[in-house]
Amino acid sequence: MKSIRVFLVVVILAVITLFSFVAALKGYQSSMEEADRLFDKQLLDTAKLIASVYTESSASNGSYDSAFAFQVWQPDGLLAASFNAPATAIAPLVSGFDYNNFNGYRWRTVAHFDTIKQYWVVAAERTDLRYTLAENVVLESISPVLLGLPLVGLLIWFIIGQGLKPLRRLADELGNKQADDLSALSYGSSSQELRRIVLSSNKLLERLERSLLRERQFASDAAHELRTPISVLKIQLHNISKELPEGNQNVLKLAATTERLGHIVEQILDLYRSSPDQFNASLEPVNVAGLAREVLAQEFSRFDAKNQVLEFQGKDCFIQGDRFALTTLLLNLLSNANKYTPAGGQINVSVRESGQQVILTVEDSGSGIPEQQREAVFERFYRVGGDRHQSGEPGCGLGLAIVKHIVESHNAAISVTPSRFKTGIAFQVNFPAAQVGKTPSQHDNEQPDV
Ligand code: ADP
C-alpha cells in the first residue's frame, strides 16, 4: 500500500470491525441460549397450565396464537388440541423438550405428563419467532457500533494525519534543500522515531560535506599547483616562437592549447573561491552599474574585434556585494555573450532598480540556448552540444557554474529567457538592493551609454 495513512486506517478499521463482529456473534450466541432457556421455561409453564386448567368443557379449538400449538393426549387418543395442531402427535410422548417440524415450521416442543389427570399435554412454539426476538436484541446492541464505524474511521484518519505531520515536515525540509546545501536538518518537534531518521540523515550529510570539501580542496590545490608550470610553459613558448618564423602553425596551436589550459585552471580556482561555503566575501556597497561600466570598458576590445554592437543602459544601483566576485560574474556573462554571438551581432547590458531589487541583464543576439537546457547550463562542465559546441568556441562549461555560485552568495536569483532580439538569450540577475550608499542624486542618475 502506498500511503501509510490509508494503510493504518484500513487495518485499524478492519481490526475494529472484526472485533465488533466477534463480540456480536458471542452476544448473539449467549442471547440465543438465554432466550431459549426463558422460552422453554415459559413453554413448560404453559403446558403445565393447560394441564391444570384443562376440562372437557374448556377444550377448545380455541383462539390460540398461531405461533403456539398444543395437544392433550389420553391413552385412548387425542382429547383436545389447538386449532393449528395436526391430528398426529406433534412430539413423541416422552417427557422433556425437543424440536419437531409441522405446519411448515420448526417448533420447540415440550411433552408433560399430568400424573393426576393421567394425560399428556404437548405444547409447541415456533422457533423462528424466538430467533427474531433474539436477533433484534443482538442487532440493537451492535447497530451503534456499525453506524459509528465511518465516524471512527474519520477520527482515526485525522489522528493518523496529525501523527504523520512531523514526517511531512521532514520531507518538506529535505525537498526544499538546495543541491549544495548540506547543512544539518533541524530536529524541531520531531517524534522519537523521526529523531533517529534525522540523526542518521545529519550524519550522512556531514560525511557528504566532508568528502565534498576534500574534493574541492583537491581541485583547488591541483589548480594552484598547475598555475606555475603553465606560466613557465607560456614563457617557454613565447621564447620558442621568437626563434621560429612568425605564424608557425605548430606554435600557434600550442599557444592556443596552453591558453585554454590556463583558462580552465583559472576557472577551477574561481569556482572554488566563489563556492558559498568558501565565500568569505568582504561585503561592501557596490554600484552595479558603475562596476558594469568598468568591466565593459576593460573588455571592449573583444567585442570590437568581432564587430559587435555593445550597448549599455543603467543608473547607479547599490547592492551589498563582493567586488571581486561581481567582476567575475560580469566577465563570465560578457565573455559568453561575446563568444556565442556571431560577428556583427548585438549585446545589450542594463542595470535597473525595481522595488527592492537591482536587476542586471546581459542579452545577446547569438545562438541562444534551447529551453530544455537553460537550467543544465549552470551545472559544472556542461556545454550545449557537449565538447563540440556548434559555435566552435573553446570553453570548459565552468563559467555559468561560477556565476551561479556568486549569485547564490549574494542571495540573488538568476533566470534565463529568450532575448528581445530575433535570436539569442538573456541572463537576468535579481540582487536584493542595498539601502546604504544611496543618495537622491545617485538615484535619479540614469544615463544611457554605448
Ligand atoms: P563555456 O562557455 O566555457 O562552455 P559556461 O558555463 O560559461 O561554459 O556555459 C555553459 C554553456 O552554456 C556553454 O557551453 C554554451 O553552450 C551555453 N551558453 C552560455 N552562455 C551562452 C550565450 N550567451 N549564448 C548561447 N549559449 C550560451
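Leu-167 is located in helix 3, which spans residues 165–175. In this predicted model, Leu-167 is partly exposed, with a relative accessible area of 35%. Leu-167 belongs to a nonpolar patch on the surface, whose members also include Val-152 and Ile-197. The remaining members of the patch are Ile-4, Phe-7, Leu-8, Val-11, Ile-12, Val-15, Ile-16 and Phe-19. Together, the residues of the patch have about 860 Å² of accessible area. Helix 1 contributes the largest share of the patch, with 8 residues. The relative accessible area of Leu-167, 35%, fits its place in the patch, because patch residues must have over 30% relative accessible area.

Helix 1 also takes part in enclosing a cavity. The structure contains 2 cavities of 30 Å³ or more. The second largest has a volume of about 30 Å³, and its lining consists of Ser-20, Phe-21, Ala-24, Ile-142, Val-145 and Leu-146. At least two residues of this lining come from helix 1, and at least two from helix 2 (127–163). By class, 5 residues of the lining are nonpolar and 1 is polar, while no charged residue is present.

The largest cavity holds about 50 Å³ of space. Its lining is made up of Val-286, Val-288, Leu-291, Leu-326, Leu-329, Leu-330, Leu-360 and Phe-431. Helix 7 (323–339) and helix 6 each provide at least two of the lining residues. The largest share, 3 residues, is that of helix 7. The lining comprises 8 nonpolar residues, with no polar and no charged ones.

Helix 6 and helix 7 also contribute to the largest pocket, each with at least two residues of its lining. The same holds for helix 5 (249–274), helix 8 (399–409) and strand 12 (425–432). The space in the largest pocket amounts to about 1000 Å³. Its lining consists of 47 residues, and those nearest the centre of the pocket are Ser-335, Asn-336, Lys-339, Tyr-340 and Pro-394. In contrast to the lining of the largest cavity, with no polar and no charged residues, the lining of the largest pocket includes 18 polar and 13 charged residues. A further 16 residues of the pocket lining are nonpolar.

Helix 8, one of the elements that supply residues to the pocket lining, is mostly covered, with 9 of its 11 residues buried. The buried residues of helix 8 are Gly-399, Leu-400, Ala-401, Ile-402, Val-403, His-405, Ile-406, Val-407 and Ser-409. After helix 8 comes Asn-411, which has a positive phi, near 55 degrees.

Charged side chains were examined for salt bridges, and the search of the whole structure finds 10 of them. One of these joins Arg-108 and Asp-40, with a distance of 2.7 Å from N to O. Arg-108 belongs to strand 4 (residues 105–114) and Asp-40 to helix 1 (residues 4–53), so that the pair links distant parts of the chain, 68 residues apart. Both partners have little accessible area by the criterion used, under 20% for a buried residue. Arg-108 counts as buried because its relative accessibility is 12%, and Asp-40 is likewise buried, at 10% relative accessible area.

A salt bridge is also formed between the side chains of Asp-128 and Arg-126, with a distance of 3.0 Å from N to O. In this pair, Arg-126 is buried, with a relative accessible area of 12%, whereas Asp-128 is partly exposed, with a relative accessible area of 28%.

In another salt bridge, Asp-316 is paired with Arg-293, and their closest N and O atoms are 3.7 Å apart. Asp-316 is found in the loop between strand 7 (309–315) and strand 8 (318–321), and Arg-293 in helix 6 (residues 288–305), so the salt bridge ties together parts that are 23 residues apart in sequence. Asp-316 is buried, at a relative accessible area of 12%, while Arg-293 is partly exposed, at 23%.

How values were computed:
Residues are numbered from 1 along each chain as its sequence is written. This is a predicted model: local features need pLDDT of at least 70, side-chain atom pairs count only at pLDDT 80 or more; totals for chains, interfaces and linings use all residues. Side-chain values use heavy atoms; hydrogens and water are left out. A salt bridge is a side-chain nitrogen of Lys or Arg within 4 Å of a carboxyl oxygen of Asp or Glu. Helices (H or I, at least four residues) and strands (E, at least two) are DSSP runs, numbered from the N terminus. Buried means under 20% relative accessible area, exposed over 50%, partly exposed in between (1.4 Å probe, protein chains only). Patches are made of residues with over 30% relative accessible area and no salt bridge: like charges are joined within 9 Å, nonpolar side chains (Val, Leu, Ile, Met, Phe, Trp, Tyr) within 5 Å. Accessible areas come from the Shrake-Rupley method with a 1.4 Å probe; for residues, only the protein chains shown count as cover. On a 1 Å grid over the protein atoms alone, a cavity is a set of points where a 1.4 Å probe fits but cannot get out, and a pocket is an open set with protein on both sides within 12 Å along at least five of seven lines; lining residues have an atom within 4 Å of a point. Grid points are joined across faces, edges and corners, and a volume is the space filled by probe spheres set on the points. Ala, Val, Leu, Ile, Met, Phe, Trp, Tyr, Cys and Pro count as nonpolar, Asp, Glu, Lys and Arg as charged, and the others, Gly among them, as polar.
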